[in-house]
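Please open the model in your viewer and keep the sequence panel beside it. This tour suggests what to select at each stop and then describes what is there.

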Amino acid sequence: MEMPNFLEMPKTKLEIISRKTIKPSSSTPQHLQTFQLSFWDKPIPVPPEYGTIIFFYQTNDCQNDDDETLSMFLQRSNTLQKSLSQTLTHYYPLAGRLKDDATAVDCFDEGAYFVVARIDCQLSTLLNHPDADFLSHFCPALDTNNVPSGCMLAIQLTLFNCGGIAITVSPSHKLVDASSLCTFVQSWTSLNTAREGSSKVVTPIPIFLEPHSKPPSVLLNMPKLTGIPGDFVRRRFVVPASKIAQLRTKTTGSSTPSGQQYLSDSDLVLALIMKSAILASRSLSESSSGSYVLFQLVNMRKRVRPPLPASTIGNIALYYTTKIEENQIELNELAGKFRKSLIEFCNLPDNSIPNEEPKFSIKGSPYCCTNLCGFPLYEIDFGWGKPSWVTSTVLQFRNIIVLQKTKEGDSIEVWISMDEREMAVFEQDHDIIAYASNDPSVLAAYSRM
């Protein structure tokens, strides 16, 4: 497989052009000005983090004249701000402020925080040499010196020298999970493309939950998972479609026998990552016994009874655990355990207790996986084409794994955070070297790796 290219990004100047708040285009009615958070949202820690997705677009706006490039960018910025204002009318809590007790949002139309910036860099430079630390340039500064207290949504629009654009969407995790974020951005793009001249406008209608409806017991009995403290490093890998096919053959044979449980591409890639992570942890651990545990998030909208519409807004996701014994880390065993855990979790009766706090001895820190493979992030089109790259910056603690489909849709991009010493061992694991590319160019044809 391709070896990592750790070419450092040059020191780059980021210029802030403007900072402002974008208010809803129509005032929020008085009876909606206090938005009570539902039982799904209340367990989210306070202060809540911001979930962040960055969309990178290559445009045809590169002009010989920098002034013309900037002028086109500012026109698009103006259009985006107007369509965002329209969108916030429907997503009015995102224009509000979280109350001090974190049980409700004041919806007095104070607005979303919106930053316009330009960066002295070519988009192709970033796409050819992705750098986790460099991505912070495209994220709005979310400290209290810049963002109003309790702000529910921050956005940054950044211009590259070539005319390329980055759009960063950072909603408060107190109300918005990955599915909610995707629904919001789809609504925003629909209204923006209408302003860009598209005749086809399909805007998802957000659905907000009644705050006093009865929570399922599966939520009441969910164990608490907090961030794992300590220093860490982040790395990006891509497992190409051809290698996923090899993993499938290795774990299930050339064909899936009748009656054998189906393993998704995500199951296979996660098994690869977890096996190598456990081996790296074990190699540096003084303890010779103990189990590992993996927490995985799952979208509950279609799994609760009755099912909820896909456009339901809130943190309607739960995590379930998989206990991993030290002698059960072969790829087929791990992939099968991950699939079995999900099936058992989704088949639990409503009055059962699915995930008590693990009673077994955990060796090292637990791992947590967020799987974004099912979300159409590469379909997000603001009117000037689909993104060249979509990435997340949710790795704010150690032992976080994020899975996401690549633009082609048949390969999987993996972000992982880990102790630096463990990461050094992890990167040299023979299975990682055999099946994954370490930080390849985004512009590479993964399917041919």
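The stops below go from the whole chain to a pair of helix contacts, then to a small sheet, and finally to some backbone details.

**Before you start**

This is a predicted model, in which local features need pLDDT of at least 70 and side-chain atom pairs count only at pLDDT 80 or more, while totals for chains, interfaces and linings use all residues. Residues are numbered from 1 along each chain as its sequence is written, and side-chain values use heavy atoms, with hydrogens and water left out.

**The whole chain**

Begin with a cartoon view of the protein chain, which has 9 helices and 18 strands; here helices (H or I, at least four residues) and strands (E, at least two) are DSSP runs, numbered from the N terminus. Of its 449 residues, 53% count as buried, where buried means under 20% relative accessible area, exposed means over 50% and partly exposed lies in between, with a 1.4 Å probe and protein chains only. Among the contacts (heavy atoms within 4.5 Å) with a separation of 6 or more, 79% are between residues 24 or more positions apart.

**Helix α6 and helix α7**

Select residues 265-284, which are helix α6, together with residues 331-346, which are helix α7; their axes come within 8 Å and cross at roughly 120°. Axes are lines fitted to C-alpha atoms, for helices over the stretch in contact, and angles run from 0 to 180 degrees between N-to-C directions. The crossing angle makes α6 oblique to α7, because angles under 35 degrees count as roughly parallel, over 145 as roughly antiparallel, 65 to 115 as roughly perpendicular and the rest as oblique. Now show side chains: the α6 part of this contact includes Leu 268, Leu 272 and Met 274, and the α7 part includes Leu 334, Phe 338 and Arg 339. By class, this contact has 9 nonpolar, no polar and 3 charged residues, where Ala, Val, Leu, Ile, Met, Phe, Trp, Tyr, Cys and Pro count as nonpolar, Asp, Glu, Lys and Arg as charged, and the others, Gly among them, as polar.

**Helix α6 and helix α8**

Keep α6 selected and add residues 420-427, helix α8, which packs with α6 at an angle of about 125° with the axes 8 Å apart. That makes α6 oblique to α8. Among the residues that meet here are Ile 273, Ala 277 and Ser 281 in α6, and Glu 422, Val 425 and Phe 426 in α8. By class, the contact of α6 with α8 has 6 nonpolar, 3 polar and 2 charged residues.

**A sheet of 3 strands**

Next, find the open sheet whose 3 strands follow the order β2-β5-β4 with antiparallel pairing; two strands pair if DSSP finds at least two bridges between them. β2 (34-36) and β4 (97-98) stand at the edges, each with a single partner strand, so one side of each is left without a neighbour in the sheet. Between β2 and β5 there are 3 bridges, and Phe 35 has Val 105 in β5 as its bridge partner.

**Backbone details**

Most residues other than glycine have a negative phi, and most peptide bonds are trans. Zoom in on Asp 109, in the loop between β5 (104-106) and β6 (112-119), where phi is positive, near 60°; this residue is buried, at 14% relative accessible area. Then go to Asp 439, in the segment after β18 (437-438), with a positive phi near 55° and a relative accessibility of 9%, which counts as buried. Finish at Pro 306, in the loop between β11 (292-299) and β12 (312-313), where a cis peptide bond joins Arg 305 and Pro 306, with omega about -5°.
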